[in-house]
Amino acid sequence: MKTGRIGSFTLALAMVIVAIFALRVWIIPNTNDSSTIATQLVDAVDPVTQVPDFSAINDITEKKKAFFDFLRPIVQQQNAIISIEREFVSEMLALVENGKSLSETQLGQLNTLFDKYQYAARNVDAKSLASLLKRVDIVPESMVLIQAANESGWGSSRFAREGFNFFGEWCFTAGCGIVPSSRGSGKSHEVKVFSSVDESVSSYMRNLNSNTAYALFRSIRADLRSQELEPTADQLIYGLVNYSERQEAYIDELLDMLRHNEKYLVNVDV
């Protein structure tokens, strides 16, 4: 990790966001090129390919702060990308609902998003776009941070250190990841290896936003949106019941962690 990355990321992200709004005022209304804007955010900073030795921090308070400060800017960047994609889908839905035709470029971008969020659309119409919009949505920052802490042992797990995997995501092709030492006989899963921490966070969010196992998560979030309420971690955690075989016990553990670490989750929704 480069020295001062968090500070430099914040500055870089702020500059990119300012540029985005300038583009949206002067250029984007004519192009709706969300993929270009999202790419600008991805390219705003170098991917994180080193993980601090959190296990060497003996003071619990300092360890928690260091862990959250390490991940927070990465989570914010990924949510910013999703926000841009969501705005684009919302704009396309509004056009379709008003009887407007979409350009080939717009349809191509929508098909890219359908693929990314694993939604099989027979037609690009109001129904399919409304369904896509339920998937293209941010994940509350505090929920991401708490689940990362839980799944990675506050960044000290072998999978986080060696594979940049902070969320315990599995893969099922031989050699695709790290074989868990506790894997039972007859099991074939491995813990997925990522090229960077950024890729891990992106994959986790895409998993929640597309996997059928987390339909409840998306349903709760969409219901809150329909009431014009901002979804929060303590509400959406209930949608993670299928994330662990422990199910309800896992949910209780995450909620307990959320409550006990509220003071470290500064300026984020709880």
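Which are the buried residues of helix 9? In this predicted model, they are Val197, Asp198, Ser200, Val201, Ser202, Ser203, Tyr204, Met205, Asn207, Leu208, Asn209 and Ser210. Helix 9 is thus a convenient place to begin a tour of the chain. Its span runs over residues 197-210, and twelve of its 14 residues are buried, leaving the helix mostly covered. From the first C-alpha to the last, helix 9 reaches 20 Å, close to the 20 Å expected at 1.5 Å a residue.

Around this helix, the chain as a whole has twelve helices and three strands. Of its 270 residues, 45% are buried. Among contacts in the chain with a separation of 6 or more, 63% are accounted for by residues 24 or more positions apart. The accessible surface comes to about 13600 Å², and carbon and sulfur atoms hold 51% of that area.

Attention now turns to empty space. Rolling a probe the size of a water molecule over the atoms shows where such space is left. The count comes to one cavity of 30 Å³ or more, and the volume of the largest cavity is about 50 Å³. Here helix 9 returns to the picture, as it contributes four residues, the largest share of the lining. Helix 4 (60-97) and helix 9 each supply at least two lining residues. The full lining consists of Gln78, Ile81, Ile82, Lys116, Tyr117, Ser202, Met205, Arg206 and Asn209. By residue class, this lining divides into four nonpolar, three polar and two charged. Ser202, Met205 and Asn209 from this lining also appear among the buried residues of helix 9.

What volume does the largest pocket have? The value is about 690 Å³, and this open space is lined by 26 residues. Lying nearest the pocket centre are Glu151, Gly168, Trp170, Tyr243 and Ser244. For readers thinking about the chemical character of the site, the pocket lining divides into ten nonpolar, ten polar and six charged residues.

Taken together, the two spaces can be set side by side: a cavity of about 50 Å³, with helix 9 giving the largest share of its lining, and a pocket of about 690 Å³, with Trp170 and Tyr243 among the residues nearest its centre.

Technical notes
Residues numbered from 1 in each chain as written. Predicted model: local features only at pLDDT ≥ 70, side-chain atom pairs only at ≥ 80, totals over all residues. Heavy atoms only, no water. 1 Å grid on protein atoms, 1.4 Å probe; cavity = no way out; pocket = protein on both sides within 12 Å on 5 of 7 lines; lining within 4 Å. Points joined across faces, edges and corners; volume = space filled by probe spheres on them. Nonpolar A, V, L, I, M, F, W, Y, C, P; charged D, E, K, R; others polar. Buried < 20%, exposed > 50% of the residue type's maximum accessible area, 1.4 Å probe, protein only. Contact = heavy atoms within 4.5 Å. Areas by Shrake-Rupley, 256 points an atom, 1.4 Å probe, with all protein chains shown as cover. Expected span 1.5 Å × (residues − 1).
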